[in-house]
Amino acid sequence: MFRSRINHLLRAYPSLNLRVEVHKDQHKALALLPGLRFDDISHTGQPDLHRLMNIIGRVEHAALYENMNSFLDYQNLNRKGIGSYTRAIVMEIRRHFYETTTPKSPIQVSLRLTGMMDTMYTVRSSATFGGRQRASIMVKSCNSLVHRESGLTEQIPDWWRLKFLRLLPEMPDNYRPVQPPDSVGKTFSHNVLVPLRDTDTSGRTRHPSYTRYFQDNISIAASHNFYPNLANMLHDYYVMRISVVHFSPSVWGDSLVVETFQDPKDELKLHCFISKDGSIKWYGCLEYYEAMCEPEVETPAYMLKYPSPNTI
């Protein structure tokens, strides 16, 4: 069943050929993808946010289930009946990512274990597009360990902790949960029904699917002029950051209420609550860059100042 995560990635990117390289210490991994497809592009000419999140998440899962050398020694955790799920994600998109329209190729995704708590661990992911030398997208994910049969939270095993504790960076990441705003403004809401394709192998609705519900709600609200300060220009703004947190699972066939509202202090920040029967399942916060369509411009190569031969 768990092989389906790798198979999904291979079907989407046939030329990958399982090119997921896991470090011998299993705390780092690297994957190379051939590039975004036209299906990944929205009508604005830029990649869909939920597709980017899905691609990076699929790489992480493929590395976890790699046969020869699994990322974070996940195979041994799996044999002991321990699984994991992503509890929270913060994805930051650098302004230079928007300089070139897609498809971009290749995509290089790197993963690294950066933090460890009692029942959770954090992974930093970075995605580099188009052969650039610096990452365009940075993702921090916080994952919880759970018992596969009961679904109850599991403590990090001592053997796992001892194996990876020495490999953490000097300043480990500590999980800081995303805090929803204290006051909720006027909301725009609509209902969605969770289809099977929006769930993972455990039956839970995935973060990229929630993100798509969030974005669809924003689009519908904008078409109804629900955000008067942004009007119909909302799709011209570049996404700077999205922060999401999972409170409790929803599954295939659930009817969810998606509610979105504008931050009372920052008009370029939108919040979203997704709930079922009055119980909040997921929260997300989407932040935009202040200037529309004005990406960071890099210095052309011919204008760069290189050291002269006399100074070398």
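Where is N225 found? N225 lies in the loop between α5 and β8. Good morning, colleagues. I should say at once that what we are looking at is a predicted model.

Let me stay with N225 for a moment. In general, most residues other than glycine have a negative phi. The phi of N225, however, is positive, near 55 degrees, in a residue other than glycine. N225 has a relative accessible area of 47%, so it is partly exposed.

A second residue deserves mention here. D277 is not a glycine, yet its phi is positive, at about 55 degrees. D277 sits in the loop between β10 and β11. Is D277 buried or exposed? With a relative accessible area of 74%, D277 is exposed.

I now turn to the sheet. Strands of a sheet pair through backbone hydrogen bonds, either parallel or antiparallel. In this model, 11 strands form an open sheet, and the pairing is antiparallel. Their order is β1-β2-β4-β5-β6-β3-β8-β11-β10-β9-β7. The edge strands are β1, residues 20-22, and β7, residues 188-193, each of which pairs on one side only. On average, neighbouring strands of this sheet are turned by 20 degrees against each other, direction ignored.

Consider one pair in detail. Strand β9, residues 255-262, and strand β10, residues 269-276, run antiparallel and are joined by six bridges. F261 has H271 as its bridge partner in β10.

Next come the helices. Which strands does helix α5 touch? Helix α5, residues 207-223, packs on the sheet and touches β3, β7, β8, β9, β10 and β11. The direction of α5 makes about 65 degrees with that of β11. Helix α4, residues 158-165, lies across β4 and β5, and runs at about 115 degrees to β4.

Two packed helices are described by the angle between their axes and the distance between the axes. Helix α2, residues 49-64, packs with α5 at an angle of about 175 degrees, and the axes are 8 Å apart. Angles over 145 degrees count as roughly antiparallel, and α2 and α5 are therefore roughly antiparallel to each other. From α2, the contact is made by L49, H50, M53 and N54; from α5, by H207, P208, T211, R212 and Q215. These contact residues divide into three nonpolar, five polar and one charged.

Finally, I draw your attention to E149, which is placed in the loop between β6 and α4. E149 counts as exposed because its relative accessibility is 76%. E149 and G83 are 66 residues apart along the chain, and their C-alpha atoms are separated by 9.5 Å. Thank you for your attention.

Definitions and conventions. Residues numbered from 1 in each chain as written. Predicted model: local features only at pLDDT ≥ 70, side-chain atom pairs only at ≥ 80, totals over all residues. Heavy atoms only, no water. Pairing = 2+ DSSP bridges. Helix = DSSP H or I, 4+ residues; strand = E, 2+ residues; numbered from the N terminus. Axes fitted to C-alpha atoms, helices over the stretch in contact; angles between N-to-C directions. Contact = heavy atoms within 4.5 Å. Buried < 20%, exposed > 50% of the residue type's maximum accessible area, 1.4 Å probe, protein only. Parallel < 35°, antiparallel > 145°, perpendicular 65-115°, else oblique. Nonpolar A, V, L, I, M, F, W, Y, C, P; charged D, E, K, R; others polar.
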